[in-house]
Every structure is written in C-alpha cells, then in structure tokens.
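Subject: Structure handover

Hi,

Here is the structure I promised to pass on to you. Could you load it and keep it open while you read my notes below?

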Amino acid sequence: MSVRPVVITGEPVLHRVAARVEHFDDELAALVADMFDTMDAAHGVGLAAPQIGVGLRIFVYEMPNDDGVPARGVVVNPMLALSKVPEGRPDPDTESEGCLSVPGEHFPLRRAETAIVHGQDLAGEPVEFTATGWFARCMQHEFDHLNGKLYVDRLDDKQARKARKAVKAAGWGTPGHSWLPGVDPDPFGHDEPDDEHDEL
C-alpha cells in the first residue's frame, strides 16, 4: 500500500472515458488499497482511479451519510440513476465543490439530490444503494471522473470563466502536473483548524 501522486487537470487520463474492470484479483485489491491511502493522505472524501493516473472504472469514498450506507467504501464499474437537477444558480455557500485534481479551488455547482448507485465490490459482487444530499454529490463527482469529466466542466458560464482563469494562472491544463499528498503542501489547507474536508 502506498500514496500515489494525484494528477491535475490537463492530464489526458482525466479527460477520457475509463475502461471497465474485468479482473477482480490481487492487483485490483492493491490498486484500491493505494487509492484509499492516497485519499486519506489528501484528506479527501472521494477519489477515482483516473485521479492517480489509472484509467479504470473504480472510485473510493469516505463520507458519513444518512442513507444507511457504510461511510467508507469502493464501487467498481458503477452506474448512476439520478433525480432531476434543480433549476437555478447554485448557492456558493452551500453547493461549492472542490477536487483533488483541481487543487486549492472551489466552485459552486448544482447537482441532483438523489443518486441510485449500482456497481460491484472488490470481489465482483453486486453493490446497490441510494445516496442523498452531499453523499449523492460525492457519487456524482466521482462517477464523472470515470467518464472523463471534472466538476469544472459542468460549471455555469460565469463560474466556468473563473475556473479557466484559475487553471491558466496555475499553469495547468497540460500533461505532466501532479501533487503528492502527505509530501507536497496541502493545497486545501487541511492543516488549518476547523477546516472541513469536502474535496473529491
């Protein structure tokens, strides 16, 4: 088990559809263990395999929820069924997301309030649950990663312009950028008192 570098927007693996997992073996278990280690070191609440440079349809999460779902888990080959996304502009105070692959930034985004998740566990057995609220947001965010989308790709025009400026100012948007959780400075300032972990 080890912490792996988190790749940053502009890395090709983040912008293409990930491949379905076909083999449920020790290699998959080792990958998922590394994903949990990386997520934990980054103080994230979710991590998809493409974020560590692996183009497979897997994500891990750690998020307490009110849906009766274990707070820590992995979903392999997920599919999501979503409720309708509410209309109107997102509230910057209650609907802002962060992403470990767009480190240090937060932008508001409206998401569906409910997500029905179907997938497999590490043994290839079926997994199914319903997520609501921020847990549903987490599921949607990670699922997007498996389809080559970052949350900044879904922003409204105003927020998308801000995101593009932030990415350009940081020098991202091209291959070769990453950061190593636990070694590089934490881009979200998780060492600060009272910081809430909401990066995905």
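Let me begin with H43, which sits in the loop between α1 (26-41) and β2 (46-48). Please keep in mind throughout that this is a predicted model. Although H43 is not a glycine, its phi is positive, at about 60°. H43 has a relative accessible area of 27%, so it counts as partly exposed, a class that runs from 20% to 50%.

A positive phi also turns up at N77, again a residue that is not a glycine, with a value of about 50°. N77 belongs to strand β4, which covers residues 72-82. Is N77 buried or exposed? With a relative accessible area of 5%, N77 is buried, because the cut-off for that class is under 20%. The side chain of N77 has a polar contact with the side chain of Q120, at 2.9 Å. Not counting residues up to four places away in sequence, N77 touches R20, V21, F24 and R57, and also H118, G119 and Q120.

V21 leads on to the pocket. The largest pocket has V21 in its lining, along with E22, H23, D25, E27, L28, L31 and L56. Its volume comes to about 160 Å³. Sorted by class, the lining has four nonpolar residues, three charged ones and one polar one.

Now for the aromatic rings. The structure holds four aromatic pairs. In one of them, Y61 and F129 have their centres 6.4 Å apart and their planes at 55°, and the pair is tilted. Which parts of the chain does this pair tie together? Y61 is in strand β3 (residues 58-62) and F129 in strand β8 (residues 126-132), so the pair links parts that lie 68 residues apart in sequence. Y61 is buried, at 3% relative accessible area, and F129 is buried too, at 11%. F129 has a further ring partner in F135: the centres are 5.8 Å apart and the planes meet at 10°, so this pair is stacked, as the angle is under 30 degrees. F135 is buried as well, with a relative accessibility of 2%. Together, Y61, F129 and F135 make up one aromatic cluster.

F135 is also a contact of M63, a residue in the loop between β3 and β4. Leaving aside neighbours within four places in sequence, the other contacts of M63 are V45, A71, W134 and C138. M63 is in a loop, yet its relative accessibility is 10% and M63 counts as buried. For a distance check, the C-alpha atoms of M63 and L109 are separated by 19 Å, and these residues are 46 places apart along the chain.

L109 comes up again around R137, a residue of helix α2 (residues 133-146). R137 contacts L109, E95, E97 and R111 once neighbours within four places in sequence are set aside. What does the side chain of R137 make a polar contact with? The partner is the side chain of E97, at 2.7 Å. As for accessibility, R137 is a buried residue, because its relative accessible area of 5% falls under 20%.

Last on my list is A41, in helix α1. A41 is partly exposed, with 23% relative accessible area. The contacts of A41, apart from neighbours within four places in sequence, are V3, P181 and G182. A distance you can check here is the one between the C-alpha atoms of A41 and V183: they are separated by 9.0 Å, while the residues are 142 places apart along the chain.

If you would like a route through the structure, this order works for me:

- H43 and N77, for the positive phi values.
- The largest pocket, starting from V21 in its lining.
- The aromatic cluster of Y61, F129 and F135.
- R137 and its polar contact with E97.

Happy to talk it through whenever suits you.

Best wishes

Key
Residues numbered from 1 in each chain as written. Predicted model: local features only at pLDDT ≥ 70, side-chain atom pairs only at ≥ 80, totals over all residues. Heavy atoms only, no water. Helix = DSSP H or I, 4+ residues; strand = E, 2+ residues; numbered from the N terminus. Buried < 20%, exposed > 50% of the residue type's maximum accessible area, 1.4 Å probe, protein only. Polar contact = N/O pair within 3.5 Å; in protein donor to acceptor, adjacent residues only side chain to side chain. Contact = heavy atoms within 4.5 Å. 1 Å grid on protein atoms, 1.4 Å probe; cavity = no way out; pocket = protein on both sides within 12 Å on 5 of 7 lines; lining within 4 Å. Points joined across faces, edges and corners; volume = space filled by probe spheres on them. Nonpolar A, V, L, I, M, F, W, Y, C, P; charged D, E, K, R; others polar. Phe/Tyr/Trp six-rings, centres within 6.5 Å; stacked < 30°, edge-to-face > 60°.
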